[in-house]
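Thanks for coming. I have a few minutes on one structure, so please look at the screen.

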Amino acid sequence: MGCGIIPHLVRYGLTKNEMNSVANYQEKKMAKTSKANAKRDAFIAKKLAKMTLEEKVGQLLTFTRRGAQITPSGIEQITKLQCGGLCLEPYAVETCKNLYWGNSQIDQNFKPPKDYFTIAKTYFAGKSFGISITPGEYTKDLNKLQKIALARKSGIPLHMTIDFEGDFKNDYMAGGIRQFPPPMGMAAIGDPKMTYKINNTIAKQLSNIGVTQMYSPVCDVNINPKNPEIGVRSFGDDPQVCAEHAVAFVRGLQDGGIAATAKHFPGRGDSATDAHDVLDVIRADKKRMHEVELVPFQAAIAAGVSAIMTGHSVYPAYDDKYPTTLSVNLLTGLLREELGFDGVIVSDAIGMAAILKQWPLPQACAMAIKAGCDTILLKADDDSRAQCLFGIKMAVESGMISEERLNEAVTHLLRMKYDQGLFETAGKMNPDKAQKYAMSKPVVDFCWDVSKKALMVMRDDKKMLPLSTKEKTLVIEQRIPYEFCGKDPYMHQHMFSEDIVVHNQNCILVDTDFAATEDELAECLELAKQVDLVVMTNYYARIVKTGNNRLLVKKLKEMGKKIVIVTNFPYIEGTTAEADAVICNFSGTPDSIRAAVELMYGKIKQNPRTRLPVKIEGQKESAVKPAPKKAPAGLSYC
């Protein structure tokens, strides 16, 4: 017994009896899994046999669900477009007036078939913000949506997905829900067991609410310090470190009831551009990719990751024409056949300029499904949703997408839903349990402990830290984009100033836009004449195209001021050479901001094990952007 397993156990130095015991356990486990899978596959086959073409195609689409208000449009994307999942963004409000990163996703040349239909639209003002909804109330909201889905003829629940990466990419941050540092902060702590616990805690917070899938971990190895899109979203620039923490991340999430999604396959860490703006070509050869980019993905696959998200980049080593999302070579050849991944393949948001500038959306959706994607992420509240449904449907009807490929994609999605128990639990989450867990003392205390550990002094050449309260201090705080604030006492736009006042009342408080406007810059320079010391934030966020406060730091230094900055970004754009002292907290989230202030005033000390997981020596600062004449009207990706 166990003859196929025992050879693999010899290297662990076990006795023969111990090896037999382990082998027996493994074989029983495999037999039990095989029996469960047979039951699951029979259930799915029965579902597939009854589904219409429209229902199958709908399952392949994951639409954005913004806000926490149920609208006719929100209902009909479930009931009429038959979507398989929703990507949750409660910080915003649903509206067909919004663009995605400045672009409309509607194909003006789309020729609708005879059976084409559109759904209701919501005409709320663009850039409107969602409400500060508590975990308990949000649970009730998601339960309602699942019940709408389950009432469909197919009876298939929704996968409820979310971005919850830490820093400025948490798509649910209201109601006091605890937010943790991003992957680079986790890797800086240097303890994969901590990474596991962080993500297990996050998973329990979110799965209690009704979230079923997270678009994490980011498995990109960030070997390009000038990468404008990845940065602290990555674990670092060492493939093995990234792999080790990716495994802990995946297991933490999935043990907590959330399907993990490794991204952005096969790796965007060496990119110098943002896929939201342009299609990049990453010219690594196959050897380099297997030694660097693919290492964390292979580890995540071995750890049983449920899903993998594609990256919108071209990799000539595998395909010199199509980006991964549209590439048979990369998705079917490399990911499925060579790496052996049998889970769900998710497209990154299909409306990014990397795709949209070359392929109209309905065509791109069909190409992605044909290449091997199982589900398309579409962030739009307009008619592009119907266009994508019919674009894929017509591709199936014409034979471009085979019925076998369609059924394969739906099967992958239904397996994930079945394995998570969604056919039994969807719509039945307990709001009181969700609220109680998220606000529980162990979760609150753990988040604070993690934030204190993911914290380091990057520079203090003049030995200014800890700060004295005797010097008159000017405190300059960037306003975190309002979309990404919880709008409540736990998370708001003046957390930095609020906590400084706890330690030091001998100060002047002022705020600026993320990049100070001309008027704000002039105001800060005038106020600085009254003080000897300036304490300020210099966060970096890929979502803010106007830059950050590097220009203001330079101008203050030209005045001869002593400057201490707190940044979330350990690269030169965050640490900026002119500052006298720099504290990096890796994250613009509440506990990370407050921990940085505590360190600055000597109330806590840096964790001795914390290390920077990227190389920063020899970086050259890029050109500093001029001050905007006025603050931007809003962020266009909502």
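I will go through two pockets, then one residue, then one helix. Keep in mind that this is a predicted model.

Pockets to begin with. The largest one has a volume of about 600 Å³. Its lining is made of 22 residues, and those closest to the pocket centre are Gln 254, Gly 304, Val 305, Ser 306 and Asp 419. Which elements give two or more residues to that lining? They are α2, residues 16-50, α8, residues 239-255, and α15, residues 403-419. Sorted by class, the lining of the largest pocket has nine polar residues, seven nonpolar and six charged.

Now the second largest pocket, which holds about 470 Å³ of space. Here 30 residues form the lining, and the closest to the centre are Tyr 540, Gly 547, Arg 550, Glu 573 and Lys 625. Helix α21, residues 550-558, supplies the largest share of this lining, at three residues. By class, the second largest pocket is lined by 16 nonpolar, eight charged and six polar residues.

Next, the single residue. Ile 78 sits in helix α4, which covers residues 72-79. Is Ile 78 buried or exposed? Ile 78 counts as buried because its relative accessibility is 0%, and the cut-off for buried is under 20%. What does Ile 78 touch, once neighbours within four places in sequence are set aside? The contacts of Ile 78 are Cys 83, Leu 86, Leu 145, Ile 148, Ala 149, Arg 152 and Leu 158. There is also a distance to give for Gly 58: Gly 58 is 20 residues from Ile 78 in sequence, and their C-alpha atoms are 8.6 Å apart.

Last, helix α7. This helix runs over residues 192-209, 18 residues in total. From first C-alpha to last, α7 reaches 26 Å, close to the 26 Å expected at 1.5 Å a residue. How many of its residues are buried? The count is 13 of 18, and α7 is mostly covered.

Both ends of α7 have something to point out. At the N-terminal end, Asp 191 acts as the cap, with a side-chain oxygen 3.0 Å from the backbone nitrogen of Lys 193. Just after the helix comes Gly 210, with a positive phi of about 120°.

To recap the pockets: the volumes are about 600 Å³ for the largest and about 470 Å³ for the second largest. That is my part; questions are welcome.

Conventions: Residues are numbered from 1 along each chain as its sequence is written. This is a predicted model: local features need pLDDT of at least 70, side-chain atom pairs count only at pLDDT 80 or more; totals for chains, interfaces and linings use all residues. Side-chain values use heavy atoms; hydrogens and water are left out. On a 1 Å grid over the protein atoms alone, a cavity is a set of points where a 1.4 Å probe fits but cannot get out, and a pocket is an open set with protein on both sides within 12 Å along at least five of seven lines; lining residues have an atom within 4 Å of a point. Grid points are joined across faces, edges and corners, and a volume is the space filled by probe spheres set on the points. Helices (H or I, at least four residues) and strands (E, at least two) are DSSP runs, numbered from the N terminus. Ala, Val, Leu, Ile, Met, Phe, Trp, Tyr, Cys and Pro count as nonpolar, Asp, Glu, Lys and Arg as charged, and the others, Gly among them, as polar. Buried means under 20% relative accessible area, exposed over 50%, partly exposed in between (1.4 Å probe, protein chains only). Contact means heavy atoms within 4.5 Å. The expected span of a helix is 1.5 Å times one less than its number of residues. A polar contact is a pair of N or O atoms within 3.5 Å; within protein, one must be able to donate a hydrogen and the other to accept it, and residues adjacent in sequence count only if both atoms are side-chain atoms.
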